[in-house]
Amino acid sequence: MVVPRPVRVESHDASPFVLSPSGRISIAGPGADAVARLLRAELAADCGRAPTIVDEPPEFGDIAIVIAPGEGPHEDGSDSEEGYTLEVSAEGVRIGAATEAGAFWGVQTLRQLLPAACDGEALSIDPVRIHDHPRFAYRGAMLDVARHFFTPDEVKRFVDAIVLLKVNHLHLHLTDDQGWRIHIESWPELTRIGGSTGSDGSRGGFYSQDEFRDIVAYAAERHVTVVPEIDMPGHTNAALASYAELNADGVAPALYTGSDVGFSTLRTGDELTERFVRDVVREVSAFTPGPFLHLGGDECLSTPPADFIAFVEDAAAVIEENGKTPVGWHEVGKAGRLPAGTIGQYWDFTTPRGRAAELALTFVRGGGSLIMSPSDVSYLDIVYEEGDPIGQDWTGGPTTLRSSLVWDPARIVPGVGDAHILGVEAPLWTETVATIEQVEEMVFPRLAAIAEIGWSPAPADTEPVEAARDLDEFAERLARLAEHWDAAGTQYRSAVELRAARSGAATPAPREPATEVQTV
């Protein structure tokens, strides 16, 4: 069927729907026109069809998009702003939703139901009724544009690919030791100097504020919220290299193009540094309409512990003052004074090590919630197989498609269940990933597994995750999705499980659990 797996699917033995050359898109309700225009553009790109949009009741063979109170997933008592129903019969297609976002996600399901390579073919769909809504409100992908820079058009290409999986947040890691990628008017040297290079001496680059606004608007039109990250107090060599006065000794370090971490830090209690943080947060908040601003806070190995706590407390307060909800990697939980509602992003293993679980609980106790990104299963920069030329392996072993699918965010931190989890996110760090084609190969198909975890129903409390997430059944749906990636020109890794599904062979046995190689 489709990825992510819908909440409920009812198939019927009847004549299929066929979108004829004269078929139309009928709209009703606020926002339906915007969704219809996106559907028409997607049908034109996918299938060479551009149906006429009409603001009138549907006729035989039309696609109807209806947005109104009472539409969407109410039959089982649930109500979701992103839910939808999709009904397909010989008479036509009807997408019903209470919101524009819900209708848009219904459109993504419709795209997957249509034939992928449809030039010259009849566009037909077997009769079906789908009742669907997400498990979590936050379903994210992170793109590290600091280590290797990706142009605005490449970021938009990435957005186009992730929305097919109903991913609704794009976390952009904008700053790090290797590069500063967002222009700050009050500190222009950050991009002139700090944005001039990247990992391995790669091309530099940065986004002007207008370019960033355009990315944000493009994503928002597709119901994706951009989450900017300004990593601090560590991971800041690009900033320190841009302004000598930010350094305690007044000497700017050289630009850095390697892959080590933990060697750089901003100062705590320094008046100029505090002004720097206020200026950066103020400007980024002004051109990012979404609710979140990520302050980083991970791997601050050169920041004295007391200074780290004071710094992140102050930075989080500045973010709140600028009308944003602070988000931080789970180490930020070491701070005892964070704004109520601060979001923690958990990146330790599925079996927590050290203080990781304790730090994660800090956010919940403070009235916030968690974004779950366990690195041994959701980090997309980890190699698929040993010996891969692109990717890293610090988690103790490859991350296979099976690894990305067979875990559950509510079974990691003791005491943390769905009510405490904002959602899931799959980060891609780009120390070894230099092109958008390599980005896509590292992300797909594993992001499809993370998206399924974020959208599809949770396993029953007593049900083993392996039973709830049948890899063979998932791989069969993924094989069909891969046909759409082929048609769109999206690159992906033909992972061993996907190859098995396409050949009809059994999937391989799971790998051994990762060994502990890092302590948080």
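1. Strands β6 (residues 84-89) and β9 (residues 128-132) run antiparallel to each other and are joined by 5 bridges. Within this pairing, Tyr84 faces Asp132 of β9. The structure is a predicted model, and the points below should be read accordingly.

2. Strand β6 also has a partner in strand β7 (residues 92-97), again in the antiparallel sense and over 5 bridges. The connection from β6 to β7 is a hairpin of 2 residues. For orientation in the viewer, Glu87 may be located together with its bridge partner in β7, Arg94.

3. A parallel pairing is found elsewhere: strand β15 (residues 292-294) lies alongside β16 with 3 bridges between them. His294 has Val327 of β16 as its bridge partner. Of the 5 residues in strand β16 (residues 325-329), 4 are buried, so the rest of the structure largely encloses this strand.

4. Helix α3 (residues 152-163) merits separate attention. Its 12 residues, at 1.5 Å a residue, should span 16 Å, and the C-alpha atoms at its ends are 17 Å apart, in agreement with that expectation. Because 9 of the 12 residues of α3 are buried, the helix is largely enclosed by the rest of the structure.

5. Which residues of α3 are buried? They are Pro152, Glu154, Val155, Lys156, Phe158, Val159, Ala161, Ile162 and Val163. These buried residues pack against the helices α2 (100-113), α5 (209-221), α12 (436-443) and α13 (446-455), and also against the strands β10 (138-144) and β11 (169-173).

6. Asp160, also in helix α3, forms a salt bridge with Arg222, with 3.5 Å from N to O. This contact links distant parts of the chain, since Arg222 belongs to the loop between α5 and β14 (225-229) and the two residues are 62 residues apart. Asp160 has 34% relative accessibility and therefore counts as partly exposed. Arg222, at 12% relative accessibility, counts as buried.

7. Arg222 has a further contact to note: it lies over the face of Tyr218, 3.6 Å from the ring centre. A similar arrangement involves Arg139, whose charged end sits over the ring of Trp105 at 5.8 Å from its centre.

8. Side chains of opposite charge can pair when their charged atoms come close. In this model the count of salt bridges comes to 36. One of them joins Arg282 to Asp279, at 3.1 Å from N to O. The two residues are 3 apart in helix α7, which means that about one helical turn separates them. An α-helix has 3.6 residues a turn, so residues three or four places apart point the same way.

9. How exposed or buried is each partner of this helical pair? Arg282 is partly exposed, because its relative accessible area is 41%. Asp279 is buried, because its relative accessible area is 12%.

10. Glu452 and Arg477 form another salt bridge, and their closest N and O atoms are 2.7 Å apart. The pair links distant parts of the chain: Glu452 is in helix α13 and Arg477 in helix α15 (residues 471-488), 25 residues apart. Both Glu452 and Arg477 are buried. The two also belong to a network of salt bridges that links Arg5, Glu452, Glu473 and Arg477.

11. Turning to the aromatic residues, a search of the whole structure gives 15 aromatic pairs. One of them is formed by Trp187 and Phe276, an edge-to-face pair with 5.1 Å centre to centre and 90° between the planes. It links distant parts of the chain, with Trp187 in the loop between β13 (179-180) and α4 (189-192) and Phe276 in helix α7 (residues 271-286), 89 residues apart. Trp187 and Phe276 are both buried.

12. Aromatic residues also form a cluster. Which residues do ring pairs link into it? The members are Trp329, Trp347, Tyr379, Trp394 and Trp429.

Terms used. Residues numbered from 1 in each chain as written. Predicted model: local features only at pLDDT ≥ 70, side-chain atom pairs only at ≥ 80, totals over all residues. Heavy atoms only, no water. Expected span 1.5 Å × (residues − 1). Buried < 20%, exposed > 50% of the residue type's maximum accessible area, 1.4 Å probe, protein only. Contact = heavy atoms within 4.5 Å. Phe/Tyr/Trp six-rings, centres within 6.5 Å; stacked < 30°, edge-to-face > 60°. Lys NZ or Arg CZ within 6 Å of the ring centre and 35° of its normal. Pairing = 2+ DSSP bridges. Salt bridge = Lys/Arg side-chain N within 4 Å of Asp/Glu carboxyl O.
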